[in-house]
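User: I have a model open and would like to learn how to read it. Please take me through it feature by feature.

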Amino acid sequence: MNVDRWGAGVGVRHAGGVRGIVAVLIKRTSPDLVRAKPLNVIATFQTRTDLRQWGHVYGMGVVMAVRKILNLSKYEKLLRTPSEPVKKNDRDLKKLIADIKDTIEANPAVGLAAVQIGVMKRVFGVRLGYYEDQPDEEMQPATIFINSEILEKSIDTARDFDACLSIPGMFGYTNRHLVIKVRYTDEDGKVQEREFTGWDARAIQHEQDHVDGILFLDRLDSLDDLYVVSRGADGKPKNIPYKEAVKQAETLAQTNKES
Ligand SMILES: [Zn+2]
């Protein structure tokens, strides 16, 4: 089966795989959310604009200390494991911080947690001050959060999207606290207490979830809030509701079986 055959680029996983394609087994990751049959829904990898900077660029050569990002389809167990506190400010920590920064910049991404590159430490980076369609060169360097705790959360929440380098080709709408107060150790070893609002607060909550082994899929109210980013027949990015994508994949699987 060729993904192009279906036009919109979503299909059932086939033997051998296709470069630039990943399978996300939602049934296994969020069983409570899914009533559909287990299916590998495949989404084409996206350019960063598709997912508004949370997007994904694969096949990039290893430059600097850009690390491989672990994805949900292969590394679910790890991604669902809470990370350990950092105890020492040593060379390993410095290397980890450099790797997180380089990997964020290379993708480019807004945020990344250590677990996503296979390091089970409570460390993540977020590029603060992000806004939609922000040019790469205007993005700030990542701020590093070590052993962070969310001390206070506003009752007010904001609904916006979540996407994740470990769940390529998908995004979902979630409610996140609008204002949070965070205590963390910065990369110079100083303990900070800061308040964050809006997108910064959202990105920090997403990464804080990672160190606790939680994914944005767990924050969806329902599967109606989940979308697969695909490519239309015209080659342009197209968002398809997840349930619709599953249906299309099932139909395609049936067609393939019959032919
Ligand atoms: Zn993520």
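User: How many helices and strands does the secondary structure of the chain come to?

Analyst: This is a predicted model. Its chain comes to five helices and eleven strands.

User: What does the chain average in pLDDT, and what share of the residues score at least 70?

Analyst: Start any predicted model with its confidence. The average here is a pLDDT of 78, and 75% of the residues score at least 70. Then look for weak stretches. Residues 1-63 have a pLDDT below 50. That stretch still has 137 contacts in the model beyond near neighbours in sequence.

User: What part of the 259 residues is buried, and what share of the contacts is between residues 24 or more positions apart?

Analyst: Buried residues are 39% of the 259 in the chain. For the contacts, take those with a separation of 6 or more: 66% of them join residues 24 or more positions apart.

User: Now the sheets. What is the strand order in the open sheet of five strands?

Analyst: Read a sheet across its strands, not along the chain. The order is E3-E4-E5-E8-E9, with antiparallel pairing. The edges are E3 (111-113) and E9 (191-197), each pairing on one side only. Neighbouring strands of this sheet are turned by 40° against each other on average, direction ignored.

User: Over how many bridges do E4 and E5 pair, and which helix packs on the sheet there?

Analyst: Strand E4 (residues 123-126) pairs with strand E5 (residues 143-153) over four bridges, in the antiparallel sense. To find the register, pick one bridge: Val123 has Ile146 in E5 as its partner. The helix is H3 (residues 91-106), which touches E3, E4 and E5. The direction of H3 makes about 35° with that of E4.

User: How many bridges join E8 to E9, and which residue takes a positive phi in their hairpin?

Analyst: Strand E8 (residues 179-185) and E9 run antiparallel, joined by seven bridges. Thr185 stands opposite Val191 in E9. Five residues lie between the strands of this hairpin, and Gly189 takes a positive phi near 90°.

User: Which strands stand at the edges of the sheet of four strands, and why does one side of each lack a neighbour?

Analyst: Look at the order again. This open sheet runs E6-E7-E10-E11, with antiparallel pairing. Strand E6 (157-163) and strand E11 (237-241) stand at the edges; each has a single partner strand, so one side of each has no neighbour in the sheet. Neighbouring strands here are turned by 30° against each other on average, direction ignored.

User: Which bridges set the register inside this sheet?

Analyst: Go pair by pair. E6 and E7 pair over seven bridges in the antiparallel sense. Among these bridges, Asp160 has Thr174 in E7 as its partner. E6 and E7 also form a hairpin with six residues between them, where Gly169 in the turn has a positive phi of about 80°. Next, strand E7 (residues 170-177) pairs with strand E10 (residues 226-231) in the antiparallel sense over three bridges. Phe171 has Tyr227 in E10 as its bridge partner, and Gly172 has Leu226.

User: Which helices pack on this sheet, and at what angles?

Analyst: Helix H4 (residues 198-211) touches E6 and E7, with its direction at about 110° to that of E7. Helix H5 (residues 242-258) touches E10 and E11, with its direction at about 90° to that of E11.

User: Which residues of helix H2 are buried, and why do they lie on the same side?

Analyst: First, the general idea. An α-helix has 3.6 residues a turn, so residues three or four places apart point the same way. Now the case. In H2 (residues 72-79), the buried residues are Leu72, Ser73 and Leu79. They cover an arc of only 65° around the axis, which puts them on the same side of H2. The face turned away from that buried side carries the exposed residues Lys74 and Lys77.

User: Last one. Is Lys68 buried or exposed?

Analyst: Count the neighbours. Lys68 is exposed because it has 11 other C-beta atoms within 10 Å, and the cut-off for exposed is 12 or fewer. Lys68 sits in the loop between strand E2 (41-44) and H2. Its C-alpha atom is separated by 6.0 Å from that of Ile117, 49 residues apart along the chain.

Note on methods. Residues are numbered from 1 along each chain as its sequence is written. This is a predicted model: local features need pLDDT of at least 70, side-chain atom pairs count only at pLDDT 80 or more; totals for chains, interfaces and linings use all residues. Two strands pair if DSSP finds at least two bridges between them. Helices (H or I, at least four residues) and strands (E, at least two) are DSSP runs, numbered from the N terminus. Axes are lines fitted to C-alpha atoms, for helices over the stretch in contact, and angles run from 0 to 180 degrees between N-to-C directions. Two residues are in contact if their C-beta atoms, placed from the backbone, lie within 7 Å. A residue is buried if 20 or more other C-beta atoms lie within 10 Å of its own, exposed if 12 or fewer, and partly exposed in between; C-beta atoms are placed from the backbone. The arc is that of the directions from the helix axis to the C-beta atoms. pLDDT is the predictor's confidence in each residue, from 0 to 100.
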